[in-house]
Amino acid sequence: MATKGKGGPPKLNQFMHPRNPYRTPPSFKKLAMQYPEFRAHCTYDLSGKVRLDFKNCDALRALTTCLLDQDFGLKVDIPDGRLVPTLPLRLNYLLWIEDLMTLSARTDQKCTRIGVDIGTGSACVYPLLAAKQFGWSMLCTEADEISYESAVNNVKKNSMQDEIFIKKNVLDDETSLAEITALRAKEESMDKPQDSQDPPGKAEVELETNDKKDLESSNYIFDFTMCNPPFFGSEEEIHTMNKSKKGRGEPVSVPTGAVQEIVTSGGEISFITQMIEESSQLKDKVRMFTTLIGTKADIKKIKQVLATVSPAHSSVTEFCQGRTMRWGLAWTFDPKLQLNQVMSKKQMANTKPMVMIMPRSLLTAYSVPAAWRMVAKWLHYLKVKVRVFKNTKYFVGAHVKAYKPTWLHQRRKKRELDRRNKEKTHKTEESDDVEISGLKQCRQRVKIKDEVIKNPL
Ligand SMILES: C[S@@+](CC[C@H](N)C(=O)[O-])C[C@H]1O[C@@H](n2cnc3c(N)ncnc32)[C@H](O)[C@@H]1O
C-alpha cells in the first residue's frame, strides 16, 4: 500500500517504474555538499536533516538541474519563469516507452530508435535523457520562442546536435523529415554486418534475417512520438485545480511554467484530440504514438476520441511518483505491436498468481522443492529466464505456486507423526539418548541430561 505522509496525499514511490532510479529518493545532503547552487536553497532541521522548500521555484530549478548533472552528467539551464521538469515522472514515461518498444517487431538492439517529442520545453528534458540514457535519437518541436532557444542551447551545451534535432514545427516540415530519413538510412547502413572472421551462429543468422525482413516491410520513419501536453484550459483553471482537494491536504510543490507552456485552449483534451486525429494521417510514418494525461477524469473522453480513429492496439498506464499521479496513453495502427502486453506496476500487483497443478505421476518425489526443480529444469530447457522474488518462493513470470491438496498434506502429516512415535518408543526402550524432534522431546532430552549431570557414575 502507498504510505501516507504528514498532512498530504499518500506517497506513491513504490509504484514507480521498477527501473526508475528515483524509487530511492536522492540524498539532499550529498547534493548540498556537491552543489553550492542547491545548498543555497537548503535549510537544516535540529537533527541536521537537509530540507528543501518545494514551494520555491528557484529551489525546484536547482534540484532538477543538479540532479541532471549528478545522475546523468547533463548540463541544463532553465530560464526563469519556465517549466521546471520533475525527473521521476520524466523517467517513468521514458521507461514505459522503452518497455513498449521491446514489443516492437524491430527488436534488434543495434538499430537506433528515433522518437518525436512534441512540445519539448526549455529544458529539452525528454530528448536529453532519451539520448543519454537510452541512446535514442530525437526530433522535437517547441512553439514558444524562449523555450525553443533555451532547448537549442541545452542540446549544444551537451554536444548532442547529432542526436537531437529541434524544430518549431515538425511533422509537416519536409526539411526535418528529410534529415531524419537520412539519419535512419545512415544508421541502417552502419548496422549492416561487417565482414567477420567468425561465422555467425544459427540464432544470429535467424535474427538478422527476421530484422531484414522487417525493415524491408517497414516504411516507418519514427519509432514513437511522445508529448507532455499543456494541461490547463485557462489561467483560472491553474488556480482552481491546484487548490487543495478534500482529504488530500495542501499540494506539496508549486506549479511552475509560463502560461503559454501550461495553458492551451480547450485544455489537454483538445490538444490530445488534435494529436489523435493527426496520428491517423501519419500512421505509415510513426509506429507508436504516446501522450501523457494530467487528469484522470479526462481519460474516458480521450479514449472515446481514440476509438474514432480505430487504432490496432492501445494501452493506458499510470505513472506514480511522490504524491502525484499522471497517466500515459499509447496507440498504434500496427497490428503487430500488442501494446497491452506491457503492464503497469499496479496492474502487476493486482494480477492473480498463475497456479499450476502438478500431476503426481510426473514426479518421483511429490514435494514443493521437487516440483520446483522439475519446473526450473523445463524452463531452463526452454531458455526462459526465471527470477526468484523476495516474498515469493517460486516465481516464473507470474507467481507459480506448487499446489498441495489438503487431504494429501494431512495424510503425509499423520504418516510422519506415526513414524516419529514409533521411533520414539523404539529408542526409549533401547537407550536414554532420545532423538531431538520437536520442543517436547527437546525438553525431555535436557531433563535426561540434567539427571546424568546430577548423578554421575
Ligand atoms: C507542459 S509543457 C511540457 C514541456 C516538457 N516536455 C516537459 O515535459 O517538461 C508543454 C510544452 O509544449 C509547448 N507547446 C504547446 N503547444 C505546442 C505546439 N502546438 N507545438 C509545439 N509545442 C507546443 C509549450 O510551449 C510547452 O513548452
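Around the ligand, the shell of residues splits into eight nonpolar, seven polar and three charged. Keep in mind that you're looking at a predicted model. Below is a quick tour of that shell, then the nonpolar core, then a set of paired strands.

**Around the ligand**
- In total, 18 residues surround the ligand, and the closest are Pro85, Gly119, Gly121, Asp144 and Asn228.
- Two helices, H5 (125-134) and H10 (259-262), each chip in at least two residues of the shell.
- H10 is the top contributor here, giving three residues to the shell.

**The nonpolar core**
- The largest nonpolar core holds 71 residues, and Tyr93, Ile97, Cys124 and Ile164 have the most contacts inside it.
- Helix H4 (residues 87-101) brings the largest share of this core, with nine residues.
- Take a look at Ile164: setting aside neighbours within four places in sequence, Ile164 touches base with Cys124, Pro127, Ala131, Met138, Cys140 and Val155, being in contact with each of them.

**Strands side by side**
- Strand E11 (residues 324-332) runs antiparallel to strand E9 (residues 286-293), and five bridges join the two.
- E11 also pairs with strand E10 (residues 313-321), again in the antiparallel sense, over nine bridges.
- Leu329 is a handy spot to find in E11: Thr291 stands opposite Leu329, and Leu329 is also the bridge partner of Val316.
- E10 and E11 form a hairpin with two residues between the strands, and Gly322 in this hairpin takes a positive phi near 50°.
- As you trace any regular strand, expect the side chains to alternate between the two faces of the sheet.

Methods
Residues are numbered from 1 along each chain as its sequence is written. This is a predicted model: local features need pLDDT of at least 70, side-chain atom pairs count only at pLDDT 80 or more; totals for chains, interfaces and linings use all residues. Two strands pair if DSSP finds at least two bridges between them. Helices (H or I, at least four residues) and strands (E, at least two) are DSSP runs, numbered from the N terminus. A residue is near a molecule or strand if its C-beta atom, placed from the backbone, lies within 6 Å of it. Ala, Val, Leu, Ile, Met, Phe, Trp, Tyr, Cys and Pro count as nonpolar, Asp, Glu, Lys and Arg as charged, and the others, Gly among them, as polar. A nonpolar core is a set of buried Ala, Val, Leu, Ile, Met, Phe, Trp, Tyr and Cys residues joined through C-beta atoms within 7 Å. A residue is buried if 20 or more other C-beta atoms lie within 10 Å of its own, exposed if 12 or fewer, and partly exposed in between; C-beta atoms are placed from the backbone. Two residues are in contact if their C-beta atoms, placed from the backbone, lie within 7 Å.
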